[in-house]
Amino acid sequence: MNEMKYLLIIPAVIVLLLLIAVVRTLLMPKKKSDYKANEDEKESLRLAKKLSEMIKYDTTSHANVHEVDKFLGFHKVLERLFPLVHEKLEKTEIDGNLLFYWKGESSEKPILLMSHQDVVPAEGEWSHEPFSGDIADGRVWGRGAADTKCSVMAFFEAVEQLLKEGYTPPVDVYLASSCTEEWAGDGAPKIVNELKRRGVELFLLCDEGGCIITDPIGGVKGNFAMVGVFEKGKADVKFTAHSTGGHASAPTKNTPIARLASFVDDVEKHSPFKKKLLPEVEAMFSSLAPYASSFGMRLLLGNIWLFKPLIIAALPAISAQAAAMLRTTIAFTTQSGSDAYNVIPQEATLGANMRFIPHQGEKESLEIIENLAKKHGLDTEVIHSNDYTPPVDINGEAFKLFEGVIAETFPGLASSPYVMTGATDAQFYQPVCKNCIRFAPVIYGPDQMKGMHGLNECIEYNCLPGAVRFYRNLIKAQGRK
């Protein structure tokens, strides 16, 4: 009899919970992120021309190749475009990497604005030459336009304008720009070591990473400030299968390539890594829920307390980017075997890139994949590895200040925490800053997303005045408390 009561109670409880979720959703104010960059055309073009000059100077970097003279040449371009920054601020150049110091009214809670000088190689056929800096169709074209000379231009211009006005910041301000970011080189660590030498503890740092993204997830339309609050860790890993080789005319079972293929198939079909909805991801979905176009999406995202298991199960099928926010990922990227079609290799290798999530970090994730590789008869070698960065406190003073600057600068723009699945120079600054925030104050639509590290990189120049204004407001923010 008691069992029958329980069987009746369970469906009633489920129905009640669903009704609560529906009522909560019906009471949720439906919002619209209606920010658009409606800026003065003359000012937008003036800034576009500065960015164009920066793009025209080729700052391509290559892994483990230090080309200091190249970047010293780029510094001359910066000096020509931003003369007051170079005249009034204390400049430190370290092997092509830049650090500027602007003395404020107080040395308490200093801030640092940063983005990198270097760009990735430009290959393939472009509609505008990659280092042309062409200004056409409302855009500035070329390698580095979006990643990330636009940010470098914007914060240099913000300081240039404030200096022209005779402004003194309320706190010390640092500007930094490495020339090795694209290959995670030693540029940023050298700047950090200099800050350590000076005894600087930063209150807040603003680097690239998040940005103003158009239509951030399916069913959520408009522009949204997606503010990166931590980075996943990463590793490059090599898997090797050995054998005695032999002629391909009489193949044995479990040859090296067959074992590698079996390993890949196993990982692809049965991911060994746990899925979990992190607090920062929950906050992101909750922030976006009122902006969802359909009732179903608002119901799902606005009631994570009820639908969390469903969201965790469904997200990987909906979006690879969203899935990467739930667990450690592994992508197989390189492979090698025999040099001849009729020879079974004595050794075959497979390369992979891993990205670590906080609930299953570097040590645990590498152990999991190494143990799985052993089951397939493979040796594992970690070429490079670093763990995830500690998350910014999304309820803390620095993040709230940052959100306030976004709201002040971009009226009508919704903002949300965001998990960085890629890597930036900000990872190196953790020893001197607890609030490493990743946000470029420019609009990245579908074309900008495709162009970064790809063909036809560009930025719409009407978003440049807003970017400059954002950095001006961020510099002034602590004086308005």
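In this predicted model, Phe 273 is located in the loop that runs between helix H7 (256-269) and helix H8 (279-288), and with a relative accessibility of 4% this residue counts as buried. Beyond residues up to four places away in sequence, Phe 273 touches Arg 327, Thr 328, Ile 330, Met 354, Gln 360, Ser 365, Ile 368 and Ile 369. Leu 455, by contrast, is separated from Phe 273 by 33 Å in space, C-alpha to C-alpha, and by 182 residues in sequence.

Ser 44, which has its place in helix H2 (residues 41-56), is likewise buried, its relative accessible area being 0%. The side chain of Ser 44 reaches the backbone oxygen of Asp 40 at 2.9 Å, and, when neighbours within four places in sequence are left aside, Ser 44 is in contact with Glu 39, Tyr 461, Asn 462, Leu 464 and Pro 465.

Across the whole structure, a search finds 26 salt bridges. One of them joins the side chains of Glu 165 and Arg 472 at 3.0 Å, N to O; because Glu 165 lies in the loop between helix H5 (149-164) and strand E6 (171-177) while Arg 472 belongs to helix H15 (residues 464-476), this pair ties together parts that are 307 residues apart in sequence. Arg 472 is buried, with a relative accessible area of 14%.

A further salt bridge, between Lys 269 and Asp 265 (3.4 Å, N to O), links two residues of helix H7 that are four residues apart, about one turn of the helix. Of this pair, Lys 269 is exposed at 58% relative accessible area, whereas Asp 265 is partly exposed at 37%. Elsewhere, Glu 43, Arg 46, Lys 50 and Glu 157 are joined into one network by salt bridges that share partners.

Methods:
Residues are numbered from 1 along each chain as its sequence is written. This is a predicted model: local features need pLDDT of at least 70, side-chain atom pairs count only at pLDDT 80 or more; totals for chains, interfaces and linings use all residues. Side-chain values use heavy atoms; hydrogens and water are left out. Buried means under 20% relative accessible area, exposed over 50%, partly exposed in between (1.4 Å probe, protein chains only). Contact means heavy atoms within 4.5 Å. A polar contact is a pair of N or O atoms within 3.5 Å; within protein, one must be able to donate a hydrogen and the other to accept it, and residues adjacent in sequence count only if both atoms are side-chain atoms. A salt bridge is a side-chain nitrogen of Lys or Arg within 4 Å of a carboxyl oxygen of Asp or Glu.
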